[in-house]
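Got the model open? Here's a short, friendly tour of some charged pairs and one helix.

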Amino acid sequence: LGLAEMAARDPWMEIAGRRQISRWVLCSTCHQEFTGTLQLELQRHRWRLARDAPVTADRSAALIVLAATLQELYAELDVAECDVAERLLLEARRGVADDSPIYRQIILPTDIRRANNLVHLGRPREALEILEQIRQKADELGADAQTRAEYKAALSSALAGVGRFEPALRIAADGVDLMRACCGPESEDTLNAMCARAQVLASSGRIEEAKVAVGQVLTMRTRILGPDHDRTRRAQALLRDIAGLTA
């Protein structure tokens with residue numbers, strides 16, 4: 001990871017990063033995802049390189065990933081950190097029309113992340129407004145299965161935020177099934193969807209079911225990533241938080 005960090009500061013990365021986006025996400029030696037503060041520094045550097053790019057897609061993509069990295073790095077986002085991510089996502093969205101060719105690849109997932117972020121900020125009704133706009137556009141564009149699954153996860157969280165637990169639970173379960181089918185039962189996307197469903201379960205008072213769901217995620221992450229990985233620790237923290245609801 002030290003070599004990867006040095007490479008990110010090399011001018012060559014400006015060219016290589018544009019040609020192969022995975023260089024900003026995966027270690028070229030071991031092919032593991034960058035996590036934690038290194039991941040954040042890589043995405044900050046990528047944004048500095050793309051900041052003055054004439055192509056809107058380059059700037060938007062860099063901002064989206066930087067905001068998503070902030071959301072992932074801070075497992076328990078406070079309002080200030082959420083607000084930073086929200087401003088980044090708004091900037092990425094600005095200047096790109098809904099009928100742009102890059103809408104499906106960049107803006108659609110940006111708007112889904114914006115909705116998730118608004119739920120964290122305690123603004124679920126605003127999130128629902130964005131998600132309704134997304135639904136209309138996604139239907140028109142024929143969004144792929146993974147995007148639909150991410151949409152369902154965001155929608156379930158927003159619905160739970162306004163107390164509509166029955167549809168939230170149904171949609172969260174659909175999202176997990178869809179993500180499992182398109183990405184595999186042990187992919188990070190599937191595990192994230194399972195955590196999102198567990199949070200909806202906990203919000204609705206079904207604490208024991210939520211603990212079981214997070215326990216499954218924790219078991220898989222411990223086996224796949226190891227007990228000291230950032231994502232394993234986030235699952236442990238989520239399990240403690242849910243268990244604390246019954247204390």
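## Salt bridges

A salt bridge here is a side-chain nitrogen of Lys or Arg within 4 Å of a carboxyl oxygen of Asp or Glu. Go by that rule and you end up with eight salt bridges. Keep in mind that this is a predicted model.

Let's start with E132 and R135, whose closest N and O atoms sit 2.8 Å apart. Both belong to helix α7, which covers residues 124-141. They're three residues apart there, so about one helical turn separates them. E132 is partly exposed at 35% relative accessible area, and R135 is partly exposed too, at 34%.

Another one pairs E209 with R206, again with the closest N and O atoms 2.8 Å apart. Here E209 is partly exposed, with a relative accessible area of 37%, and R206 counts as partly exposed at 35%.

## A pair between two helices

What does R221 form a salt bridge with? Its partner is E188, and the closest N and O atoms are 2.8 Å apart. R221 lies in helix α11 (residues 207-225) and E188 in helix α10 (residues 188-203), so this pair ties together parts that are 33 residues apart in sequence.

Are these two buried or exposed? R221 is buried, with just 5% relative accessible area. E188 comes in at 17%, and it counts as buried because the cut-off is under 20%.

## Helix α11

Now for the helix that holds R221. α11 has 19 residues and runs 26 Å from its first C-alpha to its last, close to the 27 Å expected at 1.5 Å a residue.

Which residues of α11 are buried? They are I207, A210, A213, V214, V217, L218, M220 and R221. These buried residues pack against α10 and α12. Right after the helix comes G226, which has a positive phi, near 100°.

## T232, a neighbour in α12

Over in helix α12 (residues 230-244), have a look at T232. This residue is buried, with a relative accessible area of 0%.

What does T232 touch, leaving aside residues up to four places away in sequence? The list is L218, R221, T222, L225, G226 and P227. Some of those names should ring a bell: L218 and R221 are among the buried residues of α11, R221 is the salt-bridge partner of E188, and G226 is the residue that follows α11.

Note on methods: Residues numbered from 1 in each chain as written. Predicted model: local features only at pLDDT ≥ 70, side-chain atom pairs only at ≥ 80, totals over all residues. Heavy atoms only, no water. Helix = DSSP H or I, 4+ residues; strand = E, 2+ residues; numbered from the N terminus. Buried < 20%, exposed > 50% of the residue type's maximum accessible area, 1.4 Å probe, protein only. Contact = heavy atoms within 4.5 Å. Expected span 1.5 Å × (residues − 1).
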